[in-house]
Amino acid sequence: MTKTALVCGAGGFIGNHLVSALKAEGLHVRGVDLKRPEFGDTQADEFMVGDLRDQNFVAEAVEARFDEIYQLAADMGGAGFVFTGDNDADIMHNSMSININVLDACKRSGSKRIFYSSSACIYPEENQMDPENPNCEESSAYPANPDSDYGWEKLISERLYQAFARNYGMECRIARYHNIFGPLGTWHGGREKAPAALCRKVAEAEDGDTIEIWGDGKQTRTFLFVDECVEGTLKLMRSDVAEPVNIGSDELISINALADLIAQIAGKTVQLQNIPGPVGVRGRSSDNRLIADRLGWSPNAKLADGLQQTYAWIARQVADTQHG
Ligand code: NAD
């Protein structure tokens, strides 16, 4: 019989790519989201538009038993959305409601295997003060001290999934994603993340222009291309690894160096102007020892390769906007 999958958050960036990967494997896929994908149409067999904070809608969406359920829906965005403090109540309330509703509905429908997308934002702030040596080993999550309510919500929801696994026999798989980027992601409007924002700024710049970078630009991060994120997600989902694991790259780069790399890919010379802005922790890198050990797999694509594809896509969006 054809395997079935439900993807919550299928209208979002990673969810949309995940649906395509599941379809390529031949699964029957139902996508659910507040909205259809902004860029490119979904490949899902069925797509339900609705609000996962609404228990009745969730009951409808999860009315049958699915072989695989992927829960990626969340109220989220880049630093400009998550670190200002202005959206904390919505972020916590909306994402927690979604997770509680989805788990309840899975339990009722007898769907056992559930993937939950947590985040690197759960790691304690004090372990990420040194931009060259951040500690994001999975076991360092406790004692907990995330630097945002977005991170706290993810950590509490991780525990919710683990508690449902312990008490109701569910098989939860939890990934802590580290900065995923790629084509078809949000690239303007305030919720975009650093790689997309910088690709847009470089695409909009004339040769020799100055672009603005939030913070001193010496803060470091790692960025994972969306194809590898989806590959890791599927591997984790089909594994017996019940504890949360990082899915991220360990190719550390400062934000200023990221901007320079994008400019180089674009073939432009740009000056960087560092301005005050929401930046988050000083350094963050995926520790991939556990995933390599447990899954025999870890991401290894070069950042520059993923950026090339992402820049090309965003430059096309910018050009279409300017000419349209
Ligand atoms: P995204 O914002 O593109 O996708 C999330 C989707 O959830 C959106 O399409 C949104 O409409 C949907 N959604 C929000 N509230 C909803 C509701 N009430 N009902 C139905 N749908 C709702 O984000 P993404 O980058 O694709 O991230 C997917 C998941 O991975 C999220 O849970 C996010 O927190 C997590 N994550 C992402 C990253 C990253 O770098 N992109 C890093 C860490 C964790």
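**Exercise 1. Locate Glu206 in this predicted model and decide whether Glu206 counts as buried or exposed.**

Solution. Glu206 sits in the loop that connects helix H6 (194-204) to strand S8 (210-214). The next step is to compare its accessibility with the cut-off: exposed means over 50% relative accessible area. Glu206 has 57% relative accessibility, and therefore counts as exposed. Finally, a distance places the residue in space: Glu206 and Ile265 are separated by 59 residues in sequence and by 14 Å from C-alpha to C-alpha.

**Exercise 2. Determine whether His17 is buried or exposed, and state which residues His17 touches.**

Solution. His17 belongs to helix H1 (residues 13-24). Its relative accessible area is 16%. Because buried means under 20%, His17 is classed as buried. With residues up to four places away in sequence left out, His17 touches Pro183, Leu184, Val226, Asp227 and Val230.

**Exercise 3. Examine the backbone at Leu184, Asn179 and the bond between Tyr142 and Pro143.**

Solution. Begin with the general expectation: most residues other than glycine have a negative phi, and most peptide bonds are trans.

- Leu184, one of the contacts of His17, lies in the loop between S7 and H6. Its phi is positive, near 75°, although Leu184 is not a glycine. With a relative accessible area of 28%, Leu184 is partly exposed.
- Asn179 occupies the loop between strand S6 (171-177) and strand S7 (180-181). Here too a residue that is not a glycine has a positive phi, of about 40°. Asn179 is partly exposed, at 21% relative accessible area.
- Tyr142 and Pro143 are joined by a cis peptide bond with omega of about -5°. Pro143 is in the loop between strand S5 (113-119) and helix H5 (149-168).

**Exercise 4. Test the length of helix H4 against expectation.**

Solution. Helix H4 covers residues 88-109, which gives 22 residues. At 1.5 Å a residue, the helix should span 32 Å. The C-alpha atoms at its ends are 32 Å apart, so the two values agree. After H4 comes Gly110, with a positive phi near 80°.

**Exercise 5. Assess the chain as a whole against the radius of gyration of a compact globule.**

Solution. For 324 residues, a compact globule would have a radius of gyration near 20 Å; the chain has 19 Å, which agrees. Buried residues form 54% of the chain. Among contacts with a separation of 6 or more, 79% link residues 24 or more positions apart. The chain contains 10 helices and 13 strands.

Note on methods:
Residues are numbered from 1 along each chain as its sequence is written. This is a predicted model: local features need pLDDT of at least 70, side-chain atom pairs count only at pLDDT 80 or more; totals for chains, interfaces and linings use all residues. Side-chain values use heavy atoms; hydrogens and water are left out. Helices (H or I, at least four residues) and strands (E, at least two) are DSSP runs, numbered from the N terminus. The expected span of a helix is 1.5 Å times one less than its number of residues. Buried means under 20% relative accessible area, exposed over 50%, partly exposed in between (1.4 Å probe, protein chains only). Contact means heavy atoms within 4.5 Å. The radius of gyration is taken over C-alpha atoms; the globule rule is 2.2 Å times the number of residues to the power 0.38.
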